[in-house]
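Biologist: I've got a model here and would like to talk it through with you. Can we take it one question at a time?

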Amino acid sequence: SEFLSEERLNSQQIKFVKLIIDYVSKNGYLEKKVLQEDPFRALGSISELFKDNLDDAREIIGVIDKINQNSEFTEGA
């Protein structure tokens with residue numbers, strides 16, 4: 001939600017982030033390799049979508065990593 005609320009993303013980037021949110025909501029985690037598959041791939045790779053702002057791409061990957069770590073922690077508990 002941080003990325004969507006700051007209004008710094010273009011429409012394709014917003015769609016990409018929303019796909020991530022939907023996927024995580026449904027599955028509880030997101031393996032990064034899934035970003036190279038449809039429906040993500042249909043929008044373009046993360047490096048293409050965020051070529052003008054790679055910092056945002058890194059932040060998104062960081063958030064995905066945190067979500068995955070939290071998912072592993074709660075599954076192991």
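Biologist: Let's start with one side chain: is K33 buried or exposed?

Modeller: Bear in mind that this is a predicted model. The relative accessible area of K33 is 53%. The cut-off for that class is over 50%, so K33 counts as exposed.

Biologist: And which residue does K33 form a salt bridge with?

Modeller: Side chains of opposite charge can pair when their charged atoms come close. For K33, the closest N and O atoms of the pair are 3.7 Å apart, and the cut-off is within 4 Å. The partner is partly exposed, at 38% relative accessibility. That partner is E31.

Biologist: OK, on to helix α2. What should its residues span, in Å?

Modeller: Helix α2 runs over residues 11–27, which makes 17 residues. We reckon with 1.5 Å a residue, and the end C-alpha atoms give a distance that agrees with the result. The expected span is 24 Å.

Biologist: Q13, F16, V17, I20 and V24 are buried in α2. How many degrees of arc do they cover around the axis?

Modeller: Those five names are the buried ones in α2. Their arc is narrow enough to put them on the same side of α2, while the face turned away from that buried side carries the exposed D22, S25 and K26. The arc is only 95 degrees.

Biologist: Which residue caps the N-terminal end of α2?

Modeller: Look for a side-chain oxygen by the backbone nitrogen of Q12. The two atoms lie 3.0 Å apart, and a polar contact has to be within 3.5 Å. The capping residue is N10.

Biologist: How many residues apart in sequence are the parts tied together by E59 and R8?

Modeller: The side chains of E59 and R8 meet in a salt bridge, 3.5 Å from N to O. E59 lies in helix α5 (residues 54–76), whereas R8 is in the loop between α1 and α2, so the pair links parts that are far from adjacent in numbering: 51 residues apart.

Biologist: Staying in α5, which residue forms a salt bridge with D55?

Modeller: Both partners lie in helix α5, three residues apart, about one turn of the helix. Their closest N and O atoms are 2.8 Å apart. D55 is partly exposed at 48%, and its partner is exposed at 53%. That partner is R58.

Biologist: Last one: how many salt bridges does the count come to?

Modeller: We've covered the pairs K33 with E31, E59 with R8 and D55 with R58. Salt bridges that share partners also join R8, D56 and E59 into one network. The count comes to six.

Notes
Residues numbered from 1 in each chain as written. Predicted model: local features only at pLDDT ≥ 70, side-chain atom pairs only at ≥ 80, totals over all residues. Heavy atoms only, no water. Helix = DSSP H or I, 4+ residues; strand = E, 2+ residues; numbered from the N terminus. Expected span 1.5 Å × (residues − 1). Buried < 20%, exposed > 50% of the residue type's maximum accessible area, 1.4 Å probe, protein only. Arc of directions from axis to C-beta. Polar contact = N/O pair within 3.5 Å; in protein donor to acceptor, adjacent residues only side chain to side chain.
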